[in-house]
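Open the model in your viewer and switch to cartoon view. We'll go from one selection to the next, and I'll tell you what to look for at each stop.

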Amino acid sequence: MTVARPRVVIAGAGFGGLTCARGLKHAPVDVLLVDRNNYHLFTPLLYQVASALLEPSEIARPVRQLIRPLPNADFLQASITGVDFKGRRLLTDQDSIPYDYLVLATGAQSDNFGNASVADGSKPRAGRRTPSGDGRCSASRSSEEGRPASRWRGRSRN
Ligand SMILES: Cc1cc2nc3c(=O)[nH]c(=O)nc-3n(C[C@H](O)[C@H](O)[C@H](O)COP(=O)(O)OP(=O)(O)OC[C@H]3O[C@@H](n4cnc5c(N)ncnc54)[C@H](O)[C@@H]3O)c2cc1C
C-alpha cells in the first residue's frame, strides 16, 4: 500500500517560494509551486533592463527550468485568488488545490506613502496583493499554460 506524502503548496515562485522549494528538496513531501507567471523574475537586475544593458530574458528564467533539479517539485501557472483555510485549499483561477501545508510567498505591496507621483512611476501593483484575512486576494490575468503534473490534478475537486 502506498502512503500519500504530505502536500506542500507554495504560493509564489519569487525568491521566497523558490528558496522554500529548494529547502524541501530532500524532504518526504510533494511540493507544488503556484505562480501567475511561468518565470521567476530576478528583480535586482531590473534596472539594467530599464537602461538597456540587459535583455528582459536575461533576468527572467522559466520556473520549470529552475525546479528541474528538484525531484519532488511541480509547478502550476495560475492566479491565486484566495485561500480556503478551513477546507485547506488554495483557490486559483483554474483549480482549487488541496494542501497539507501552505506557504504564502506572494511578495509585498509597495507603499507610496500617499505620493501619487511615486505611485505613477513605480512598479505596477495590479494583482500583487497577498491573500488577506478574509481569504481573498486580487485576481490577475488568466494563464496561458501550466497545468500541474497529474499527481496534483487528480487531487483537485474544483
Ligand atoms: C527593482 C528592484 C530591485 C531590487 N533589488 C534588490 C537587491 O539588490 N537586493 C535585495 O535583497 N532585494 C532587492 N529587491 C527586493 C526583492 O526583490 C524582494 O525582497 C524579493 O523579491 C521578495 O521576495 P518574495 O519571494 O517575498 O516576493 P517576490 O520575489 O515578489 O515573489 C512573489 C511571487 O508571487 C507571485 N504572485 C503574487 N501575487 C500572486 C497571485 N495573486 N497569484 C499568483 N502569483 C502571485 C509573483 O508573480 C511573484 O513571482 C529589489 C526589488 C525591486 C523591485
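How many bridges join β7 to strand β8? Select residues 96-98 for β8, and you'll find three bridges to β7, with the two strands running antiparallel. Keep in mind throughout that this is a predicted model.

**The hairpins around β7**

Add residues 89-92, which make up β7. Show Leu90 and Ile97 as sticks: Leu90 stands opposite Ile97 in β8. The link between β7 and β8 is a hairpin with three residues between the strands.

Now go the other way and select residues 80-84, strand β6. β6 also pairs with β7 in the antiparallel sense, over four bridges, and here Ile80 stands opposite Thr92. These two strands form a hairpin as well, with four residues between them. Click on Arg88 in that turn: its phi is positive, at about 55 degrees.

Before leaving β7, look at its two faces. In a regular strand the side chains alternate between the two faces of the sheet. Arg89 and Leu91 are on one side of β7, Leu90 and Thr92 on the other, and all of them are buried, so both faces are covered.

**The parallel sheet**

Next, select residues 7-11 for β1 and 30-35 for β2. β1 and β2 pair in the parallel sense over five bridges, and Ile10 has Leu33 of β2 as its bridge partner. Add residues 73-77 for β5 and 101-104 for β9, and you have an open sheet of four strands with parallel pairing, in the order β5-β2-β1-β9. β5 and β9 each have a single partner strand, so one side of each is left without a neighbour in the sheet. On average, neighbouring strands here are turned by 20 degrees against each other, direction ignored.

**The core**

Which residues touch the most other members of the largest nonpolar core? Highlight Val9, Ile10, Leu32, Leu33, Val34 and Leu90, out of 24 residues in that core. Elements giving two or more residues to this core include α1 (15-23), α3 (63-67), β6 and β7.

Centre on Val9. Beyond its neighbours within four places in sequence, Val9 is in contact with Leu32, Val34, Leu90, Ile97, Tyr99 and Leu102.

**Zooming out**

Finally, show the whole chain: five helices and nine strands, with buried residues making up 26% of the 158 residues. Among contacts between residues at least 6 apart in sequence, 60% join residues at least 24 apart.

Definitions and conventions
Residues are numbered from 1 along each chain as its sequence is written. This is a predicted model: local features need pLDDT of at least 70, side-chain atom pairs count only at pLDDT 80 or more; totals for chains, interfaces and linings use all residues. A residue is buried if 20 or more other C-beta atoms lie within 10 Å of its own, exposed if 12 or fewer, and partly exposed in between; C-beta atoms are placed from the backbone. Two residues are in contact if their C-beta atoms, placed from the backbone, lie within 7 Å. Two strands pair if DSSP finds at least two bridges between them. A nonpolar core is a set of buried Ala, Val, Leu, Ile, Met, Phe, Trp, Tyr and Cys residues joined through C-beta atoms within 7 Å. Axes are lines fitted to C-alpha atoms, for helices over the stretch in contact, and angles run from 0 to 180 degrees between N-to-C directions.
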